[in-house]
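Trainee: Could we go through this structure together? I would like to reason from the coordinates to each answer.

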Amino acid sequence: MVVVAEPSNQQPAPSRPPRTVSAMVFAILPLVLIAFGMAGLLGRCSFNPGSPSVEVPTVNVPAELDRASARVHFPLLDPELPANWRSNSVNVLTLRSHAEVVRVGWLTGGGHYLRFSQSTAAEEELVTADTRQPPQALGTVEAGGQQWVRYQSVGEEQAWATDHNGVRLLIAGDAAEPEFRTLAEAALKAPTKP
């Protein structure tokens, strides 16, 4: 019988940590705390167990339209809307035809979104750029003493278009008809920015 001697410097295999639910929770907890800490420091989210909270930016429409008017060659309308409407965006787009579009977005008092575009582009091009599909007219509607052509848009949205003093106006969004009318009437009564 041969006896093999075991080396004396061999150490026992290290033991594995237990694989229990509580062990996994304690392993992940520091990562979750670090993530929440970073998000809190950067101010990108808040903890509100009652309901979701989203901070919507607000823009100064008259000041932004003053800036935009320096870039375009047509007068811009600055509609006066109800106090509970919040403007959250203003931008200037250039279409394929090189026509400029000035677009302002609002959150309505009813919690919907509407955008108001002003341009010298052809109606078909403006509607296509906003609705992201070929124009599909749904009929006309009268608002502010003027006829607007209604168009189908993406999802639950629709768009209204009309001409006013040589400028094409387009209202689009997911709002109800009374909110479309509010914006349409305000736009047609609005003072122009040269």
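Mentor: Start with a definition: a residue is buried under 20% relative accessible area and exposed over 50%, with partly exposed in between. Keep in mind that this is a predicted model.

Trainee: Is Val21 buried or exposed?

Mentor: Val21 sits in helix H1, residues 21-42. Its relative accessible area is 61%. The cut-off for exposed is over 50%. Val21 is therefore exposed.

Trainee: Which residues form a nonpolar patch on the surface with Val21?

Mentor: The patch has about 300 Å² of accessible area together. Val21 is one of its members. The others are Met24 and Val25.

Trainee: What pattern does the chain follow along the sequence?

Mentor: The secondary structure comes to four helices and nine strands. Read along the sequence, they give α-α-β-β-β-β-α-β-β-β-β-α-β.

Trainee: What share of the contacts joins residues at least 24 apart?

Mentor: The chain has 194 residues, and 35% of them are buried. For the contacts, count those between residues at least 6 apart in sequence. Of these, the share joining residues at least 24 apart is 50%.

Trainee: Which element gives the most to the largest nonpolar core?

Mentor: That core has 31 residues. Val102, Trp106, Phe116, Trp148, Ile171 and Leu183 have the most contacts inside it. Several elements each supply at least two residues, including helix H2 (61-69), strand E3 (100-107) and helix H4 (177-189). With six residues, the one that gives the most is H4.

Trainee: How many residues does the other core have?

Mentor: It lies apart from the largest core. Among its members are Ala99, Val101, Ala159 and Ala172. Its residues number 11.

Trainee: Which helix H4 core residue does Trp106 touch?

Mentor: Set aside neighbours within four places in sequence. Trp106 then contacts residues including Val61, Trp85, Tyr113 and Phe116. Helix H4 spans 177-189. The contact list also holds Leu183.

Trainee: How many aromatic pairs are there in the whole structure?

Mentor: One pair is Trp148 with Trp160. Another is Trp160 with Phe180. A search of the whole structure finds two.

Trainee: How is the pair of Trp148 and Trp160 classed?

Mentor: The centres are 6.4 Å apart. The planes make 50 degrees. Under 30 degrees would be stacked, and over 60 edge-to-face. The pair is tilted.

Trainee: Why does this pair tie together parts 12 residues apart in sequence?

Mentor: Both Trp148 and Trp160 are buried. Trp148 lies in strand E6, residues 146-152, and Trp160 in strand E7, residues 158-164. The pair therefore ties together E6 and E7.

Trainee: How many residues apart are Trp160 and Phe180?

Mentor: Their pair is tilted too, at 4.9 Å centre to centre and 35 degrees between the planes. Trp160 is in strand E7 and Phe180 in helix H4. The separation is 20 residues.

Trainee: Is Phe180 buried or exposed?

Mentor: Phe180 belongs to one aromatic cluster with Trp148 and Trp160. Its relative accessibility is 0%. The cut-off for buried is under 20%. So Phe180 counts as buried.

Trainee: And Glu157: buried or exposed?

Mentor: Glu157 is in the loop between E6 and E7. Beyond four places in sequence, Glu157 touches Arg115, Gln152, Gly173 and Asp174. Its relative accessibility is 18%, so Glu157 counts as buried.

Key
Residues numbered from 1 in each chain as written. Predicted model: local features only at pLDDT ≥ 70, side-chain atom pairs only at ≥ 80, totals over all residues. Heavy atoms only, no water. Core = buried A, V, L, I, M, F, W, Y, C linked by side-chain atoms within 4.5 Å. Buried < 20%, exposed > 50% of the residue type's maximum accessible area, 1.4 Å probe, protein only. Contact = heavy atoms within 4.5 Å. Phe/Tyr/Trp six-rings, centres within 6.5 Å; stacked < 30°, edge-to-face > 60°. Patch = residues over 30% accessible without salt bridge, like charges linked within 9 Å, V, L, I, M, F, W, Y side chains within 5 Å. Areas by Shrake-Rupley, 256 points an atom, 1.4 Å probe, with all protein chains shown as cover. Salt bridge = Lys/Arg side-chain N within 4 Å of Asp/Glu carboxyl O.
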